[in-house]
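Colleague: Please choose a single part of this model and take me through it closely, with its partners and the molecules around it. I would like the cut-offs behind each term as you go.

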Amino acid sequence: MAPINADVNGRQAYVPVKESLPEVETENGKSANGYSYETLLETANFLLSRTSIRPRIGVICGSGMGSYWKEGSLAESIEDADCVPYEDIPNFPVSTVEGHHGKLVFGKLEGVPVVAMQGRFHYYEGYPLWKCCLPVRVMKLLGVETLIATNAAGGLNPSYKIGDIMIVRDHINMMGFAGNNPLHGPNDERFGPRFPPMNKAYKLEYRKIAKDVAKELNIENIVREGVYTCLGGPNFETVAELNMLKMVGVDAVGMSTVHEVITARHCDMNVFALSLITNECVTSYDDAEANHEEVLDVGRMRQDILKKFVSRLVHRFAKETISP
Ligand SMILES: O=P(O)(O)O[C@@H]1C[C@H](O)[C@@H](CO)O1
Ligand code: HPA
């Protein structure tokens, strides 16, 4: 049915009639914010048939972290590994970015059953946010209770150095300000509530454990805690954009994670996230330009430390906070 014009406060306004919103209705098992619960159950059941591992923790490997260099990366250090390429998984997108391999790795880290995404999906690749986050819902249906999201990010806080690791305390959902949210569209209560709170998105207990672990590993001098934001990319930011983000309290800038965390919290997963600071954000017109090669190089430089750090976190999170 065509939209109608209505008189609103003395103005002619464009008011779509209710029937003219077919795009939010379920169509071929896919609604505006993603595949149906039943469709994702099929994906989860397919994966469970491909491995005997029953993961309790899910890890998303950021750019250059565990995803680019085969030898010695976090994902490659997973024991008893069963790898499933994304193109074999029903309803899964495929990775298109250098530094993101494109497979799910099931196995054990320090004895804990995990599933790692060796490659994530980004909005700038052309995927809508719900599709970027589809693996998080699949993880939930596999039985995962805790999500560890890692990313490469530019350091905006002037005290941060390249190679620092930032524990994410909170995020600013810049894309959400423009109405772009992975939960946009009809809500299925089987995943979670219509209006999920986000004030405790990054579990306090995990952040404390991470600081303890940093001390144990003698890396507390490179571990920070701060606020992350995600922009849509793929271009790196302008000087004016970065100066604005600095003013509102952002410490590190990237192109992922925020929507994954929202999706994970919506379905009541525990969340921990970290950013590897791979470059300094360019806040003057004279400074060098950001580039993806530098991001990948710093990922390689830090892969040993990240592997130890995340493995220890997996062990401690499983021991201290996850149901037996
Ligand atoms: O997947 P992450 O968020 O780690 O990747 C960052 C953001 C861009 O994809 C890329 C820019 O170099 O790294
Ligand atoms: O400086 C950056 N900006 C956005 N995303 C990034 N990912 C790594 N570094 C950056």
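**A strand and its surroundings**

Modeller: Among contacts in the protein between residues at least 6 apart in sequence, 78% join residues at least 24 apart, where two residues are in contact if their C-beta atoms, placed from the backbone, lie within 7 Å. This is a predicted model, in which local features need pLDDT of at least 70 and side-chain atom pairs count only at pLDDT 80 or more, while totals for chains, interfaces and linings use all residues. Residues are numbered from 1 along each chain as its sequence is written, and chains are lettered from A and ligands numbered from 1 in the order in which they are written.

pLDDT, the predictor's confidence in each residue from 0 to 100, averages 88 over the protein, with 86% of the residues at 70 or above. Residues 1-27 stay under 50, and for this stretch the model has 25 contacts beyond four places in sequence. For the complex, the predictor gives an ipTM of 0.98 and a pTM of 0.90.

The secondary structure comes to nine helices and 13 strands, taken as DSSP runs numbered from the N terminus (helices H or I of at least four residues, strands E of at least two). The part I would look at is strand E9, residues 146-155, in which 10 of 10 residues are buried. A residue is buried if 20 or more other C-beta atoms lie within 10 Å of its own, exposed if 12 or fewer, and partly exposed in between, with C-beta atoms placed from the backbone. Over the 324 residues of the protein, 43% count as buried.

Three strands pair with E9, pairing being called if DSSP finds at least two bridges between two strands. Strand E13 (residues 270-280) runs parallel to E9 and is joined to it by 10 bridges, one bridge partner being Asn 279, which matches Gly 154. Strand E5 (residues 57-60) also pairs with E9 in the parallel sense, over four bridges, and here Gly 58 stands opposite Leu 147. Strand E12 (residues 252-254), by contrast, runs antiparallel to E9 with two bridges, and its Ala 252 faces Gly 155.

E9 also contributes to the surroundings of both ligands, a residue being counted as near if its C-beta atom, placed from the backbone, lies within 6 Å. Ligand 1 is surrounded by 13 residues, of which Gly 62, Ser 63, Asn 151, Ser 256 and Val 295 are the closest; E9 and helix H8 (292-301) each supply at least two residues of that shell. Around ligand 2 there are 13 residues, with Ala 152, Gly 154, Val 253, Gly 254 and Val 295 nearest, and E9 gives the most to this shell, with three residues.

The shell of ligand 1 has four nonpolar, eight polar and one charged residues, and that of ligand 2 has eight nonpolar, four polar and one charged. In this scheme Ala, Val, Leu, Ile, Met, Phe, Trp, Tyr, Cys and Pro count as nonpolar, Asp, Glu, Lys and Arg as charged, and the others, Gly among them, as polar.

An unreviewed UniProt entry lists Ser 63, His 100, Arg 120, Phe 121, His 122, Ala 152 and Ser 256 under "binding site"; such positions are given in the numbering used here, with feature names shortened, and annotations may be inferred rather than shown by experiment. Arg 120 is found in the loop between strand E8 (112-118) and helix H2 (129-132), and counts as buried because it has 27 C-beta neighbours inside 10 Å.
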